[in-house]
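Student: I should like to take a close look at a single part of this protein and see how it fits into the rest. Could you please guide me through it in one connected answer?

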Amino acid sequence: MKITFHGHACILIEGSRKVIFDPFLNGNPSAVIKADDLSAIDYILVTHDHMDHLGDSEIISKKTGATVVAIHELSVVFQEKGLKSEGMNIGGTIELPGIKVHMVNAVHSGGATGLILELDGKMLYHSGDTALFSDMELYGEFFSIDMAFLPIGDRYTMGPASAARAVELLRVPKVVPIHHSTFPLLTGRPEDFRKLVKTAEVIVLSPGQSCEL
Ligand code: NI
Ligand code: MN
């Protein structure tokens, strides 16, 4: 499958289904595409109700008919707007055509969650905005995560050092740093993260760049 970073926390996964995490594009100074450039999205996975994650979910869902997966309260808001949305909560798993989604904890404000996507036999963990927390070790043991998307920008989330520790706890072989370089306040640098990670391949993507999994 093809993984494309679209800046900040936005990741597009293209396999047998097209899934986008946290589609913050139109107001995102680092994004090289706009929400309207996306087509044929099947699912939008939103980690939490902060604008830099919720982003253009409504625009994209209206345009493509994509189902938005989010925590219960946020899902109700989407449904009231007439969008297709599946609500869930931390600890739960839902199965939708072609995918499974596990919602896990995140230590942050705004009803934040982490999301683990199963697609085409692979497991991808988008932690959303979070601090380092010890249950990541449990997630590493319980799930077989193939790739993780972890924030390293610091100030509002983990920085490079705590994110490098998270990589160890999660026992994940490949990691893409996110939530960095978008705004001047996000000072965590991918090169520092790369130096600190000893247990996984660090794949640094610029906005618009892709890798294969
Ligand atoms: Ni946030
Ligand atoms: Mn954020």
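Tutor: Consider the surroundings of I13. Leaving aside residues up to four places away in sequence, I13 touches M1, K2, I3, K18, V19, F21, L117, L119, L124 and F149. The model in which these contacts appear is a predicted one.

To which core do such contacts belong? The largest nonpolar core has 49 residues, and I13 is among those with the most contacts inside it, together with I3, L117 and F149. Three of these names have already been met, since I3, L117 and F149 are also among the residues that I13 touches. Strand β5, residues 67-71, supplies the largest share of this core, namely 4 residues. Another core, of 25 residues, lies apart from it and includes V104, M136, A163 and L169.

M136 leads from this other core to helix α4. The helix covers residues 135-142, and its buried residues are M136, Y139 and G140. Why do these residues line one face of the helix? Viewed down the axis of α4, the buried residues fall within an arc of 100 degrees, and therefore they line one face. The face turned away from the buried side carries the exposed residues E141 and F142. As for the cover over the buried residues of α4, it includes strand β8 (99-105), strand β10 (122-126) and helix α5 (160-170).

Helix α5 deserves a closer view, and V167 is a residue placed in it. Is V167 buried or exposed? Its relative accessibility is 0%, so V167 counts as buried, the limit for a buried residue being under 20%. Beyond residues up to four places away in sequence, V167 touches L150, V172, V175, F193, V197, T199 and A200. Between V167 and E141, which are 26 residues apart along the chain, the C-alpha atoms are separated by 12 Å.

The metal site offers another setting for buried residues. Which residues serve as protein donors of the manganese ion (ligand 2)? They are D52 (OD), H53 (NE2), D129 (OD) and H179 (NE2), at 2.1 to 2.2 Å from the ion. Along the chain, the donors of this manganese ion follow the spacing D-H-x75-D-x49-H. Of these donors, D52 and H53 are both buried. D129 has a further role in the geometry, as it bridges the manganese ion (ligand 2) and the nickel ion (ligand 1), which lie 3.4 Å apart.

Charged side chains can be examined next. The count of salt bridges comes to 5. One of them joins E58 and K62, whose closest N and O atoms are 3.0 Å apart. Both residues belong to helix α2, residues 57-64, and because they are 4 residues apart there, about one helical turn separates them. E58 has a relative accessible area of 26% and is partly exposed, whereas K62, at 55% relative accessibility, counts as exposed.

E58 also meets K81 in a salt bridge, with an N to O distance of 3.0 Å. This pair links distant parts of the chain, for E58 is in helix α2 while K81 is in the loop between α3 (72-80) and β6 (85-88), 23 residues apart. K81 is partly exposed, its relative accessible area being 43%.

A further salt bridge connects the side chains of E201 and K174, at 3.4 Å from N to O. E201 lies in strand β13 (residues 201-202) and K174 in strand β12 (residues 174-178), so the pair ties together parts that are 27 residues apart in sequence. E201 is partly exposed at 42% relative accessibility, and K174 is likewise partly exposed, with a relative accessible area of 25%. Through shared partners, salt bridges join E58, K62 and K81 into one network.

Finally, these parts may be set within the whole. The protein has 6 helices and 14 strands, and its C-alpha trace spans about 45 × 35 × 30 Å along the principal axes. For 213 residues, a compact globule would have a radius of gyration near 17 Å, and the 15 Å of the protein agrees with this. Buried residues make up 55% of the 213 residues. Among contacts between residues at least 6 apart in sequence, 56% join residues at least 24 apart.

Methods
Residues are numbered from 1 along each chain as its sequence is written. Chains are lettered from A and ligands numbered from 1 in the order in which they are written. This is a predicted model: local features need pLDDT of at least 70, side-chain atom pairs count only at pLDDT 80 or more; totals for chains, interfaces and linings use all residues. Side-chain values use heavy atoms; hydrogens and water are left out. Donors are N, O and S atoms within 2.8 Å of the metal (3.2 Å for Na, K and Ca); water is not among the atoms, so sites may look incomplete. Buried means under 20% relative accessible area, exposed over 50%, partly exposed in between (1.4 Å probe, protein chains only). Helices (H or I, at least four residues) and strands (E, at least two) are DSSP runs, numbered from the N terminus. The arc is that of the directions from the helix axis to the C-beta atoms. Contact means heavy atoms within 4.5 Å. A nonpolar core is a set of buried Ala, Val, Leu, Ile, Met, Phe, Trp, Tyr and Cys residues joined through side-chain atoms within 4.5 Å. A salt bridge is a side-chain nitrogen of Lys or Arg within 4 Å of a carboxyl oxygen of Asp or Glu. The radius of gyration is taken over C-alpha atoms; the globule rule is 2.2 Å times the number of residues to the power 0.38.
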